[in-house]
Amino acid sequence: VFTSAPLGGDFSSYDAIRVYLWAGMTDPRDQLFKPVLNNLQGMSRAIAAKGMPPEKANVLTGETEGYSMIGFSAAVVPFLHALDQPWLADLQYKRAREAFDKWQAGTATAPVYYDYMLSLFGLGWADGSYRFALDGRLQPYWEKPCTDIVR
């Protein structure tokens, strides 16, 4: 159930991206994994419609505004995989990765702090660098045989 926040009103934006990130990284065996994902599918529809996450979304009407930073794209990669939408996840992965590649090549400006942080989590998860166990423990890739890592 979504409702208006006392300070933010009817719009979700930058703070909300963490919801999608953590929902996607939750262990699929968690009893709340599917119910949470089922309540967040409006974001995947918005991404499919625009090709990237919106900057803002009205929690009551579903209307969206603007386009997100690249960190948003990176953060929704685990979420879109969890929803079994690999084509959308790959599109967002490529958007974020290409922005970092352009910066490293000197053809674009450096990403901002939150692009780095959200990408660290979203792209790191997508690359198989870590997972979270059912009990919430971090499982870095080096705790598993290399043959188990699949993107």
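Does Y116 count as buried, exposed or partly exposed, and at what relative accessibility? At 29% relative accessibility, Y116 is partly exposed. The legends below concern a predicted model.

**Figure 1. Overview of the protein chain, with six helices and five strands.** Along the sequence, the elements run β-α-α-α-β-β-α-α-α-β-β. The radius of gyration is 16 Å, close to the 15 Å that the globule rule gives for 151 residues, so the protein chain is as compact as a globular protein of that length. The C-alpha trace spans about 45 × 45 × 25 Å along its principal axes. Of the 151 residues, 38% are buried. Take the contacts between residues at least 6 apart in sequence: 55% of them join residues at least 24 apart.

**Figure 2. Surface and charge of the protein chain.** The accessible surface comes to about 9,000 Å². Carbon and sulfur atoms account for 57% of that surface. The protein chain carries 14 positive and 16 negative charges. The mean positions of the two sets are 3 Å apart.

**Figure 3. The aromatic pair of Y20 and F79.** A search of the whole structure finds eight aromatic pairs. One of them joins Y20 and F79. Their ring centres are 5.1 Å apart. The angle between the planes is 65°, and the pair is edge-to-face. Y20 sits in helix 1 (residues 17-25). F79 sits in helix 4 (residues 70-82). The two residues are 59 residues apart, and the pair links distant parts of the chain. Both Y20 and F79 are buried.

**Figure 4. The aromatic pair of W103 and Y116.** The ring centres of W103 and Y116 are 5.9 Å apart. Their planes meet at 80°, so this pair is edge-to-face. W103 lies in helix 5 (residues 86-105) and Y116 in helix 6 (residues 113-126), so the pair ties together parts that are 13 residues apart in sequence. W103 has a relative accessible area of 30% and is partly exposed. Y116, at 29%, is partly exposed too. Buried means under 20% and exposed means over 50%, so a value in between counts as partly exposed.

**Figure 5. An aromatic cluster and the contacts of D27.** W22, F121, Y130 and F132 form one aromatic cluster. F132 is also among the residues that D27 touches. Leaving out residues up to four places away in sequence, D27 touches F33, F132, A133 and L134. D27 is in the loop between helix 1 and helix 2 (33-38). Is this loop residue buried or exposed? D27 has 9% relative accessibility and counts as buried. For a wider view, compare D27 with K56: they are 29 residues apart in sequence, and their C-alpha atoms are 27 Å apart.

**Figure 6. D84 in the loop between helix 4 and helix 5, with P86 in helix 5.** Most residues other than glycine have a negative phi. D84 is not a glycine, yet its phi is positive, at about 60°. D84 is exposed, with a relative accessible area of 59%. P86 is partly exposed, at 33%. Which residues does P86 touch, not counting residues up to four places away in sequence? They are L80 and H81.

**Figure 7. T107 in the loop between helix 5 and helix 6.** At 61% relative accessibility, T107 counts as exposed. A75 is 32 residues away from T107 along the chain. The C-alpha atoms of T107 and A75 are separated by 23 Å.

**Figure 8. Y113 in helix 6.** Y113 has 52% relative accessibility and counts as exposed. The cut-off for exposed is over 50%. Y113 and F72 are 41 residues apart in sequence. In space they are 12 Å apart, C-alpha to C-alpha.

Notes
Residues are numbered from 1 along each chain as its sequence is written. This is a predicted model: local features need pLDDT of at least 70, side-chain atom pairs count only at pLDDT 80 or more; totals for chains, interfaces and linings use all residues. Side-chain values use heavy atoms; hydrogens and water are left out. Helices (H or I, at least four residues) and strands (E, at least two) are DSSP runs, numbered from the N terminus. The radius of gyration is taken over C-alpha atoms; the globule rule is 2.2 Å times the number of residues to the power 0.38. Buried means under 20% relative accessible area, exposed over 50%, partly exposed in between (1.4 Å probe, protein chains only). Contact means heavy atoms within 4.5 Å. Accessible areas come from the Shrake-Rupley method with a 1.4 Å probe; for residues, only the protein chains shown count as cover. Lys and Arg count as positive and Asp and Glu as negative; His and the chain ends are not counted. The place of a charge is taken as NZ of Lys, CZ of Arg, CG of Asp or CD of Glu. Rings of Phe, Tyr and Trp (its six-membered ring) pair if their centres lie within 6.5 Å; planes under 30 degrees apart count as stacked, over 60 as edge-to-face and the rest as tilted.
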